[in-house]
Amino acid sequence: MKVHPRSDPERRLTGVFATRSPDRPNPIGLHSVTVRKIEGRRLRIGPMEAIDGTPVVDIKPVIC
């Protein structure tokens, strides 16, 4: 699946998983979190509304 980022037809089509598009083929939850600690390749984040052990699929900076 490809979408125009931010629904802007002037932007080139990009893969849906590389964007913040809500039009995803799977039910992934989106949550704003705080990066609390960086340990090598691991991030400690929180608070997050999820079950313990739920994998974090992607991290993107907040764009206001």
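**How many salt bridges does the count come to in this predicted model?**

*Task 1. Find the salt bridges and work out which of them are linked.*

Solution.
- Step 1. Start with the total. The count comes to three salt bridges. The model is a predicted one.
- Step 2. Apply the cut-off. A side-chain nitrogen of Lys or Arg must lie within 4 Å of a carboxyl oxygen of Asp or Glu.
- Step 3. Take the pair Asp 8 and Arg 11. Their side chains meet at 3.8 Å, N to O. Asp 8 is partly exposed at 28% relative accessible area. Arg 11 is partly exposed too, at 38%.
- Step 4. Move to Glu 39. This residue pairs with Lys 37, with the closest N and O atoms 3.4 Å apart. Glu 39 also pairs with Arg 44, and here the closest N and O atoms are 3.2 Å apart.
- Step 5. Join the pairs. Lys 37, Glu 39 and Arg 44 form a network of salt bridges.
- Step 6. Check exposure in the network. Glu 39 is partly exposed at 30%. Lys 37 is partly exposed at 48%. Arg 44 is partly exposed at 43%.

As background, side chains of opposite charge can pair when their charged atoms come close.

*Task 2. Describe the fold, then decide whether the chain is a compact globule or more spread out.*

Solution.
- Step 1. Count the elements. The chain has four strands and zero helices. Along the sequence the pattern reads β-β-β-β.
- Step 2. Compare the radius of gyration with the globule rule. The radius is 14 Å, well over the 11 Å that the rule gives for 64 residues, so the chain is more spread out than a compact globule.
- Step 3. Look at the extents. The C-alpha trace spans about 40 × 20 × 20 Å along its principal axes.
- Step 4. Look at burial. Buried residues make up 12% of the 64 residues.
- Step 5. Look at contact range. Take the contacts with a separation of 6 or more. Residues 24 or more positions apart account for 16% of them.
- Step 6. Look at the surface. The accessible surface comes to about 5900 Å², and 54% of it belongs to carbon and sulfur atoms.

*Task 3. Say where confidence is highest and where it is lowest among the strands.*

Solution.
- Step 1. Begin with the whole chain. The mean pLDDT is 82, and 94% of residues reach 70 or more.
- Step 2. Go to the elements. Strand 3 has the highest confidence, at a mean of 92. Strand 4 (residues 42–46) has the lowest, at 85.

*Task 4. Place Thr 14 and Thr 34, and classify each as buried or partly exposed.*

Solution.
- Step 1. Place Thr 14. This residue sits in strand 2 (residues 14–15).
- Step 2. Apply the cut-off. Thr 14 has 18% relative accessibility, and buried means under 20%, so Thr 14 is buried.
- Step 3. List its contacts beyond four places in sequence. They are Met 1, Lys 2, Val 3, Pro 5 and Thr 19.
- Step 4. Place Thr 34. This one belongs to strand 3. Thr 34 is partly exposed at 42%.
- Step 5. List its contacts beyond four places. They are Arg 44, Ile 45 and Gly 46.
- Step 6. Compare sequence and space. Thr 34 and Val 16 are 18 residues apart in sequence, and their C-alpha atoms are 24 Å apart.

*Task 5. Which residues make the nonpolar surface patch?*

Solution.
- Step 1. Name the members. They are Val 35, Ile 38, Leu 43, Met 48, Val 56 and Ile 59. The patch covers about 510 Å².
- Step 2. Examine one member. Ile 38 lies in strand 3 (residues 34–39). Ile 38 is exposed, with 61% relative accessible area.

*Task 6. Find the backbone exceptions.*

Solution.
- Step 1. Recall the rule. Most residues other than glycine have a negative phi, and most peptide bonds are trans.
- Step 2. Check phi. Arg 6 has a positive value of about 55 degrees. Phi of Ser 7 is also positive, near 55 degrees.
- Step 3. Place the two. Arg 6 lies in the loop between strand 1 (2–3) and strand 2. Ser 7 is found in the loop between strand 1 and strand 2.
- Step 4. Check exposure. Arg 6 is exposed at 57%. Ser 7 is exposed at 68%.
- Step 5. Check omega. Gly 46 and Pro 47 are joined by a cis peptide bond, with omega about -20 degrees. Pro 47 is in the segment after strand 4.

Conventions. Residues are numbered from 1 along each chain as its sequence is written. This is a predicted model: local features need pLDDT of at least 70, side-chain atom pairs count only at pLDDT 80 or more; totals for chains, interfaces and linings use all residues. Side-chain values use heavy atoms; hydrogens and water are left out. Helices (H or I, at least four residues) and strands (E, at least two) are DSSP runs, numbered from the N terminus. Buried means under 20% relative accessible area, exposed over 50%, partly exposed in between (1.4 Å probe, protein chains only). Contact means heavy atoms within 4.5 Å. Patches are made of residues with over 30% relative accessible area and no salt bridge: like charges are joined within 9 Å, nonpolar side chains (Val, Leu, Ile, Met, Phe, Trp, Tyr) within 5 Å. Accessible areas come from the Shrake-Rupley method with a 1.4 Å probe; for residues, only the protein chains shown count as cover. pLDDT is the predictor's confidence in each residue, from 0 to 100. The radius of gyration is taken over C-alpha atoms; the globule rule is 2.2 Å times the number of residues to the power 0.38.
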